[in-house]
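Trainee: I'd like a close look at a single part of this model, please, and then how that part sits in the rest.

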Amino acid sequence: MAREKDQVELEAELFATIATLDTLTKSLIEGDLDPTLYKRQLRSLMRDAFKARIKLDTLNFSLDTFIKKEQIIEKFPYGAERLRVAEGDIPSMPATGKGSIDTIGPSFVSVSNIAAKTADVVADMIELIDLAKLRSVARIDLIVPNLDDILLLLENFPGFGKDYWAYVEIERWRDNLKKESPDKIIDEEMAKNLEYNAVRWLNDFRRRLRE
C-alpha cells in the first residue's frame with residue numbers, strides 16, 4: 001500500500017512537471033517569457049522530472065501507460081514534446097509526432113549528482129533546439145552562452161570531456177558564432193543546421209549514458 005501511495009504521489013509530481021513545462025514553452029513561443037528566465041526554469045523542471053523518473057523506475061511504473069492514461073500528448077503537447085526530446089520518442093504520438101520511446105532505466109542515472117548533471121545537459125540542449133527553432137530569439141548573445149554552458153557541463157561530466165566528438169563540434173560552433181555581432185539573429189539555414197546538430201549531440205549523449 002505504501003509503495004502504491006508513493007507511486008501515485010510521484011506520478012502526480014511528474015504530471016505537474018509536464019504541465020508546467022507545457023505552459024513554460026507556450027509562453028516562450030508566444031513571446032511572453034524572457035529566454036534567460038526560460039533557461040533557468042527549464043533546468044529546474046528537468047531536474048524535477050529526472051528525480052521523479054528515477055524513483056518511479058524502482059516501482060511498477062510504465063511511462064507508456066502513464067502517457068496514454070493521463071492523455072499527456074493531448075493535454076500538454078509542448079510538455080510532451082520536451083519529454084520526447086529528453087527521453088526519446090514517445091509512443092502513440094499524433095500524426096505530427098514521431099516514433100517510440102526509450103525509457104530511462106536504473107543504469108541511466110544511478111546517482112543523484114549524475115542525474116542532476118544529466119538533467120542540466122538535457123535542459124541546455126533542449127533550450128538550444130528551441131532557440132534554433134524560434135527565429136525571433138535565435139540571437140548570438142543567447143546561443144553562445146548556451147553553448148558555453150553545454151561545453152562546461154560535458155567537460156566535467158564523467159566519461160565525456162574535451163575529447164568527446166560532440167564537445168569538439170560544439171566548441172567549433174561556439175568559436176565561429178563568437179565572431180558575429182552579439183545582437184545578430186542567425187539566418188534560417190544556419191538555424192536549421194544548428195537544430196539538426198543539437199539533436200545529434202543530445203541523441204548521442206543519451207545513447208552513451210545508457211551504454
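What kind of crossing does H7 make as it passes H8?

Mentor: A left-handed one: that is how H7 passes H8 (the near helix is turned anticlockwise from the far one by less than a right angle; clockwise would be right-handed). Before the details, bear in mind that this is a predicted model, where local features need pLDDT of at least 70, side-chain atom pairs count only at pLDDT 80 or more, and totals for chains, interfaces and linings use all residues. Residues are numbered from 1 along each chain as its sequence is written, and side-chain values use heavy atoms, with hydrogens and water left out.

Now the pair itself. H7 and H8 pack at about 150°, and their axes are 9 Å apart (axes are lines fitted to C-alpha atoms over the stretch in contact, with angles from 0 to 180 degrees between N-to-C directions). That makes H7 roughly antiparallel to H8 (over 145 degrees; under 35 is roughly parallel, 65 to 115 roughly perpendicular, the rest oblique). On the H7 side the contact includes Ile-143, Leu-147, Leu-151, Leu-154 and Glu-155, and on the H8 side Tyr-167, Ile-170, Trp-173 and Leu-177 are among the residues (contact means heavy atoms within 4.5 Å). By class, there are eleven nonpolar, no polar and four charged residues (Ala, Val, Leu, Ile, Met, Phe, Trp, Tyr, Cys and Pro are nonpolar; Asp, Glu, Lys and Arg charged; the others, Gly among them, polar).

Glu-155 deserves its own stop. This H7 residue is partly exposed, at 34% relative accessible area (buried is under 20%, exposed over 50%, partly exposed in between, with a 1.4 Å probe and protein chains only). Not counting residues up to four places away in sequence, Glu-155 touches Gly-161, Lys-162 and Tyr-167. Between Glu-155 and Tyr-167 there are 7.8 Å from C-alpha to C-alpha, and the two are twelve residues apart in sequence.

Both helices also feed something bigger. The largest nonpolar core has 50 residues, and Ile-143 and Leu-154 are among those with the most contacts inside it, along with Met-46, Trp-201 and Phe-205 (such a core is buried Ala, Val, Leu, Ile, Met, Phe, Trp, Tyr and Cys joined through side-chain atoms within 4.5 Å). H7 (140–155) and H8 (165–177) each supply at least two residues of this core, and so do H1, H2, H5, H6 and H9. The top contributor is H6, with eleven residues. Phe-205 links back to our pair: leaving out residues up to four places away in sequence, Phe-205 touches Leu-154, as well as Val-121, Phe-157 and Tyr-164, among others.

For contrast, try H5 and H9, which pack at about 55° with their axes 8 Å apart. That makes H5 oblique to H9. Val-85, Ala-86 and Glu-87 of H5 meet Leu-202, Arg-206 and Arg-210 of H9, so by class you get three nonpolar, no polar and three charged residues. Nine of the eleven H5 residues are buried, so H5 is largely enclosed by the rest of the structure.

Zooming out, the chain has nine helices and zero strands (DSSP runs numbered from the N terminus: H or I of at least four residues for helices, E of at least two for strands). Of its 211 residues, 48% count as buried.
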